[in-house]
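This report describes one protein model for a reader who has not met it before. Please look at the sequence and the structure before reading on.

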Amino acid sequence: MLLVLALLMIVTFIFLLSKNKLSIVGALTLVPLFFGVLVVLLTNSTFADLFQWITDALFYKVDPETAKVSMGVISPGLLILFAVMYFDLMLNVGLFDPLCEFFIKKAKGDPLKVTMATVLTATVVTMNGDTTTTIIICVAAFVELYRSMRMKLSYLAILIVTPIGIFNQLPWGGPTIAASTAMEVPINELFSALLPGLLAAEIFAIFLAYRLGKKERKRLGWCNGADADIDHVMMEKMLDCIRAKDPELKRPKLFWFNLLLTLGILYLLIQGFAHGAVLFMIGSAIVLTVNYRKVSIINERIDAIASDALAPALATFAAGVFSGVLSGSGMATALASGMTMIIPDGLGAHMAPIYAVISAPAITFLPQDAFYFGIAKVVGEVMEQYGITPLQAAVASMVGQSFRLISPVIPALFMLTDSTEMNFVDFQKKYVKYCWPILIIYLVVYALTGALPI
């Protein structure tokens with residue numbers, strides 16, 4: 001019964017969003033709440049349990065056996081709230097104007113150079129292993145450039161998340177650590193087996209950036225060859241899109257102060273010196289005080305950027321209802337068991353690639369720990385009976401990471417879709433449309449290296 005309810009909840013969520021029947025906050029809150037009430041009415045759970053599931057997912061939960069604390073969405077939600085506020089302020093004061101002007105001048109109106117710069121920047125930044133940090137930095141660096149060049153913001157979203165989906169499998173990334181722990185495989189051995197697939201997938205990501213850049217060249221009428229460079233008038237018009245935006249808010253004389261402050265905050269964030277929400281909250285207060293000084297202007301700035309910061313933060317908090325009901329009600333466990341039952345024991349040694357494929361939707365909608373410690377661990381034990389090693393089972397469980405970056409339980413994605421003016425389901429469709437080959441790449445590469453027995 002819980003399995004049926006879980007599937008119905010996911011299908012309903014996707015349907016209502018895709019048809020624009022509910023906002024992202026409404027879908028993330030009301031859909032799981034409705035199915036949570038059904039769970040209460042059909043099982044021994046109580047309404048007090050329902051609200052406790054949501055509370056645990058929103059704030060934190062303590063495992064009674066291990067005393068391990070699992071943080072809820074309040075942590076990334078606050079980070080997103082203050083990060084969006086901080087970078088909106090930095091856009092106001094003109095911190096990114098020189099960067100955007102540099103890209104415009106170097107690209108000379110060439111969308112291909114911009115898409116290539118996007119994917120390479122995202123690749124470098126995501127090496128820190130944090131999805132939220134990567135999205136925050138890349139959106140801040142490129143969104144105004146895409147707007148000024150009239151490039152599709154949906155392409156920006158795809159080119160940011162594609163490298164993240166690949167390199168969140170580094171040894172310090174959450175999925176790799178979870179798979180290593182659940183399958184009891186040394187993390188260095190797991191990463192060594194994954195590395196060929198990651199490198200092949202990154203080549204595809206660069207190719208995708210090239211392909212999208214070529215499409216934008218055609219759509220925007222950019223021609224390669226002797227006449228490719230845009231004339232001086234057009235160049236100045238593009239640059240004026242940056243220079244003439246809210247000139248009264250810009251503070252060019254404080255450029256170096258704002259730049260050093262931003263670099264310092266990002267360094268402390270990546271080093272884990274303090275929680276990102278704390279760093280960006282303090283940074284926002286400093287930026288407002290130093291750049292605008294007058295209380296009336298400061299209050300005006302806060303009011304102006306409130307909507308930008310609040311929308312993705314609200315979606316993040318609402319995601320706590322979705323993940324809380326899914327996990328707390330037992331629906332996540334039921335999904336895990338259902339996924340295990342789909343793979344017939346009779347397939348024997350062929351279980352690995354089949355499991356790798358059908359795990360993709362599970363890893364998209366399930367919380368990470370629920371997938372690895374629920375599905376992956378159980379299926380791995382079954383595979384071992386047919387001569388598939390724990391390492392090979394762990395690799396199979398990582399193939400689904402190719403679709404992890406369209407998961408509604410990843411809070412930072414709501415900030416990304418909000419910044420790129422996309423409906424979340426439209427974003428999912430775009431990602432699947434352009435990035436489905438990554439799943440095939442993983443299967444082929446791991447099969448050739450022997451990491452995934454066919």
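The text below covers a helix and its surroundings, some single residues, the nonpolar core and the cysteines.

This is a predicted model, in which local features need pLDDT of at least 70 and side-chain atom pairs count only at pLDDT 80 or more, while totals for chains, interfaces and linings use all residues. Residues are numbered from 1 along each chain as its sequence is written, and side-chain values use heavy atoms, with hydrogens and water left out.

**Helix α19 and its surroundings**

Helices (H or I, at least four residues) and strands (E, at least two) are DSSP runs, numbered from the N terminus. A residue is buried under 20% relative accessible area, exposed over 50% and partly exposed in between, with a 1.4 Å probe and protein chains only. Seven of the eight residues of α19 are buried, so this helix is largely enclosed by the rest of the structure. The buried ones are A412, L413, F414, M415, L416, T417 and S419. They pack against α2 (24-42), α4 (74-93), α7 (131-148), α8, α14 and α20 (424-435). Just after α19, E421 has a positive phi of about 55°.

With α14 (residues 295-328), α19 (residues 412-419) packs at an angle of about 145°, the axes being 8 Å apart. Axes here are lines fitted to C-alpha atoms, for helices over the stretch in contact, and angles run from 0 to 180 degrees between N-to-C directions. On the α14 side the contact (heavy atoms within 4.5 Å) is made by D308, A311, P312, A315, T316 and A319, and on the α19 side by F414, M415 and D418. These residues divide into six nonpolar, one polar and two charged. In this count Ala, Val, Leu, Ile, Met, Phe, Trp, Tyr, Cys and Pro are nonpolar, Asp, Glu, Lys and Arg are charged, and the others, Gly among them, are polar.

**Single residues**

T316 lies in helix α14. Its C-alpha atom is 9.0 Å from that of L78, although the two residues are 238 apart along the chain. N168 is in the loop between α8 (153-167) and α9 (174-183), and S45 is in the loop between α2 and α3 (47-58). The table gives the burial of these three residues and their contacts, not counting residues up to four places away in sequence.

| Residue | Relative accessible area | Contacts |
|---|---|---|
| T316 | 0%, buried | V73, P76, G77, I80, P411 and F414 |
| N168 | 7%, buried | G173, G174, P175, T176, Q401 and L405 |
| S45 | 19%, buried | V39, V40 and W53 |

**Nonpolar core**

A nonpolar core is a set of buried Ala, Val, Leu, Ile, Met, Phe, Trp, Tyr and Cys residues joined through side-chain atoms within 4.5 Å. The largest one has 149 residues, of which F280, F427 and Y446 touch the most other members. Apart from neighbours within four places in sequence, F280 is in contact with L79, F82, A83, Y86, F87, I265, L266 and L269. In soluble globular proteins, nonpolar side chains tend to be buried together.

**Cysteines**

How many disulfides does the rule count? With a disulfide taken as a pair of cysteine sulfur atoms within 2.5 Å, the count is zero. C435 is in no disulfide, and the nearest cysteine sulfur, that of C138, is 15 Å away. C435 is buried, with a relative accessible area of 0%, and C138 is buried at 1%.
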